[in-house]
2 protein chains.
Amino acid sequence: MTSTRATLIQVAERAGVSLASTSRALHGTGASKAMVERVRAAAAELGYSADAIGRSLRLKKTSQIAFAVADIGNPVYVEIMRGIHEVLAPHGYRVVVMSTGDTAASTTELTHSLHGGFVDGMIVIPLRTDDELIEQIGRAPVPVVVIGRAMSDRGISSVSTDSAAGIGAAVQHVVSLGRRRIGFLNGPLDTTPGSSRQRGFDEAVSAKDFAAKTDVEVAADFTVAAGIEAARKLLDRPHRPDAIVAANDLLAIGAVRAARELGLSIPRDVAVTGMDDTELGQVFLPRLTSVSLGSAERGRAAARLMLGLTDDADAPARQISVGTELFVRESTVDQNVEDAE
Amino acid sequence: MTSTRATLIQVAERAGVSLASTSRALHGTGASKAMVERVRAAAAELGYSADAIGRSLRLKKTSQIAFAVADIGNPVYVEIMRGIHEVLAPHGYRVVVMSTGDTAASTTELTHSLHGGFVDGMIVIPLRTDDELIEQIGRAPVPVVVIGRAMSDRGISSVSTDSAAGIGAAVQHVVSLGRRRIGFLNGPLDTTPGSSRQRGFDEAVSAKDFAAKTDVEVAADFTVAAGIEAARKLLDRPHRPDAIVAANDLLAIGAVRAARELGLSIPRDVAVTGMDDTELGQVFLPRLTSVSLGSAERGRAAARLMLGLTDDADAPARQISVGTELFVRESTVDQNVEDAE
DNA sequence: CCGTAGACTGGAAACGTTTCCAACAGCGGT
DNA sequence: ACCGCTGTTGGAAACGTTTCCAGTCTACGG
């Protein structure tokens with residue numbers, strides 16, 4: 001095992017030609033037919049394959065892109081990663097997974113480590129952001145694409161989604177179903193998603209013709225457990241909501257659980273909407289009505305943006321916004337007998 | 001932006017000392033106090049940080065480990081990756097995500113690409129295996145750890161879990177609940193998990209004192225949709241099962257759905273067990289009784305095995321088996337009112 | 001038959017780092 | 001006063017690749 005790999009020099013010796021010619025022959029440009037054949041044969045005999053490090057050093061190109069995220073376990077991030085990988089792999093890029101940690105400072109530190117030059121670019125989803133991080137991103141030695149919020153003001157490429165509008169769509173949906181007491185179940189307000197979703201809710205309910213009562217509860221984080229706890233409070237209020245709009249699918253599942261605990265029927269007594277349109281929500285019972293933020297598409301868009309930047313480092317920063325889409329399912333409207341049980 | 005990074009040579013010039021001393025000073029061994037201070041200052045002024053590629057070339061060490069899997073989106077794999085990352089990151093290793101594709105041949109091809117030398121090792125979960133793949137793994141130029149089935153015969157390090165015993169535990173559990181018509185809902189038999197789980201079921205039901213009737217249905221793949229379809233057939237049989245043991249959580253969810261379609265109550269009419277103990281199953285309604293195969297722990301074990309191999313390439317191959325654990329939840333026993341609705 | 005364009009080849013440098021080896025200074029002991 | 005040892009430094013090689021540049025050879029047109 002662990003046999004030492006053949007080098008280009010060895011191939012050259014074997015073929016009895018110069019190193020330069022060997023490289024050309026394998027690389028494909030400016031070599032005679034005979035030379036190519038000869039070198040190919042020698043390379044095959046030795047089982048040669050080019051060393052990625054040597055090549056990287058010479059070419060100043062690693063063929064690697066970092067994907068940095070707070071917690072690789074989060075289903076949404078996984079979906080995004082899938083999208084990134086899907087676009088990048090065919091272009092010969094490898095994806096390196098990194099963890100940002102959940103503070104702006106640790107993300108800044110990670111960004112600084114890009115100076116190590118082990119990667120040609122980074123796609124990052126900062127959970128929290130501050131000025132220092134933005135500045136650090138601006139002076140990064142390689143292209144950086146931010147997924148999360150639009151970075152238009154700073155000349156940083158970013159992929160965002162209008163989650164505020166998505167919350168609006170969810171609110172409008174339940175209102176159109178005749179619900180008049182709407183509870184908004186959000187996650188921490190000091191996070192990027194938390195703040196923008198709050199804004200979306202506030203905007204939606206401040207519309208002229210908005211006729212429902214509203215209530216807001218903030219969960220400790222974006223998890224099912226926190227969702228259950230916060231939803232209980234929401235459902236305990238004097239004017240119990242007949243619809244809960246949750247800031248993500250996990251919170252929505254928490255809301256469903258809390259409602260069930262109280263013997264409430266979904267969607268009859270309480271309609272529940274989620275956000276992110278995760279597989280989790282799609283297979284849940286009841287299937288979750290959810291606002292898709294196009295996770296895979298955001299990943300793909302970020303990857304395409306990255307490809308543009310690695311091709312031409314001086315290309316202008318671009319901001320892409322991926323559309324949202326509301327998928328209506330059993331948690332807001334009875335579609336069949338399954339949930340009526 | 002994209003300013004060109006400072007090199008060690010520039011630091012040396014700035015400090016007015018030799019390249020060798022500069023490297024030593026920063027690296028920490030065999031340099032005088034004065035020298036260290038002087039070089040540190042110069043490095044700080046220039047914002048120097050060592051180039052990973054140059055170092056890799058010299059050290060013949062990339063500080064990268066590949067994690068190769070058929071589909072990065074699968075929740076189980078994600079959990080494993082989390083475990084791997086958790087162990088590897090503190091040791092300075094980066095994790096490179098790769099896709100094996102779902103055939104043995106494409107996995108073989110990926111393994112061959114290790115000759116490119118861009119990683120120090122690979123942790124792989126082959127969906128399907130054949131002799132050629134095993135041989136290729138055996139002659140890989142870097143250590144390989146296989147997660148899936150034990151590779152004892154070939155001197156390949158592996159982390160496995162006794163999923164066969166896990167299925168046995170699930171069967172025993174439902175029997176102990178008094179169920180006497182047990183349906184086994186498996187995935188494709190030509191996959192590694194499919195075959196070993198089938199073996200587990202066969203062994204369990206061939207025990208001397210086994211007193212229940214059994215039935216088997218094989219789903220097209222390990223997904224909810226395939227699970228629904230296969231479970232329908234299972235539930236349509238003359239002797240309808242009063243318990244369904246599924247080969248993973250997604251199939252189990254499919255089984256729950258199919259049962260609900262028929263107006264059956266879970267767990268009263270049909271008890272359902274899953275496998276993998278995913279977060280998905282934990283938050284599902286009803287919460288899924290599931291056999292944990294210790295996904296995160298398998299990842300951690302594989303990573304630790306890898307660390308041992310990168311430290312000493314000639315270390316003997318080891319096989320680790322991670323224990324299984326049955327988590328009993330609402331899908332087999334009524335625990336509270338939630339599911340009785 | 002000569003000159004030259006064109007096709008091809010080989011030598012050598014370069015990418016950025018670490019480390020072997022030799023050189024040198026200072027110092028204590030004989 | 002000399003020897004050798006220790007601690008520190010600098011020169012240079014090496015890791016594996018690509019590519020610039022110069023040189024050689026062939027073939028073709030004049």
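User: What is the radius of gyration of chain A, against that of a compact globule of 341 residues?

Analyst: Chain A has 26 Å, whereas a compact globule of 341 residues would be near 20 Å. The radius is taken over C-alpha atoms, and the globule rule is 2.2 Å times the number of residues to the power 0.38. This is a predicted model, in which local features need pLDDT of at least 70 and side-chain atom pairs count only at pLDDT 80 or more, while totals for chains, interfaces and linings use all residues. Residues are numbered from 1 along each chain as its sequence is written, and chains are lettered from A and ligands numbered from 1 in the order in which they are written.

User: What box do the C-alpha atoms of chain A fill?

Analyst: Along the principal axes, the box is roughly 90 × 45 × 35 Å.

User: How many helices and strands are there in chain A?

Analyst: Chain A has 13 helices and 12 strands. These are DSSP runs numbered from the N terminus, with H or I and at least four residues for helices, and E and at least two for strands.

User: How do the two copies superpose?

Analyst: A turn of 180° and a shift of 0.1 Å along the axis lay chain B on chain A with an RMSD of 0.2 Å. The copies are therefore related as by a two-fold rotation axis. The superposition is by least squares on the C-alpha atoms of residues with pLDDT of at least 70 in both.

User: Which residue of chain B comes closest to the rotation axis?

Analyst: That is B:Val96, at 2.1 Å for its C-alpha. A:Val96 stands opposite B:Val96 in β2(B). Strand β2 (residues 94-99) of chain A pairs with β2(B) in the antiparallel sense over 3 bridges; pairing requires that DSSP finds at least two bridges between two strands.

User: How many residues are in contact between the chains?

Analyst: 45 residues of chain B are in contact with 46 residues of chain A, contact meaning that C-beta atoms, placed from the backbone, lie within 7 Å. On chain B, the elements giving two or more residues to this side are α4 (52-59), α5 (75-88), β2 (94-99), α11 (249-261) and α12 (279-283). By class, that side of chain B has 22 nonpolar, 13 polar and 10 charged residues. Ala, Val, Leu, Ile, Met, Phe, Trp, Tyr, Cys and Pro count as nonpolar, Asp, Glu, Lys and Arg as charged, and the others, Gly among them, as polar.

User: Moving to the DNA, which residues come nearest to strand C?

Analyst: Of the 27 residues around DNA strand C, the nearest are A:Ser18, A:Ala20, B:Leu8, B:Ala20 and B:Gly54. A residue is near a strand if its C-beta atom, placed from the backbone, lies within 6 Å of it. Chain A gives two or more residues to this surface from each of α2 (19-27), α3 (33-46) and α4 (52-59), and chain B from each of α1 (8-15), α2 (19-27) and α4.

User: And which are closest to DNA strand D?

Analyst: A:Leu8, A:Ala20, A:Asp51, A:Gly54 and B:Ala20 are the closest of the 27 residues that surround DNA strand D. By class, the surface near DNA strand D has 14 nonpolar, 8 polar and 5 charged residues.

User: Is strand β5 of chain B enclosed or exposed?

Analyst: Strand β5 (residues 157-161) of chain B is largely enclosed by the rest of the structure, because 5 of its 5 residues are buried. A residue is buried if 20 or more other C-beta atoms, placed from the backbone, lie within 10 Å of its own, exposed if 12 or fewer, and partly exposed in between. Strand β4 (residues 144-148) of chain B runs parallel to β5(B), joined by 4 bridges. Another 4 bridges join β5(B) in parallel to strand β11 (residues 319-322) of chain B.

How values were computed: Contact = placed C-beta atoms within 7 Å.
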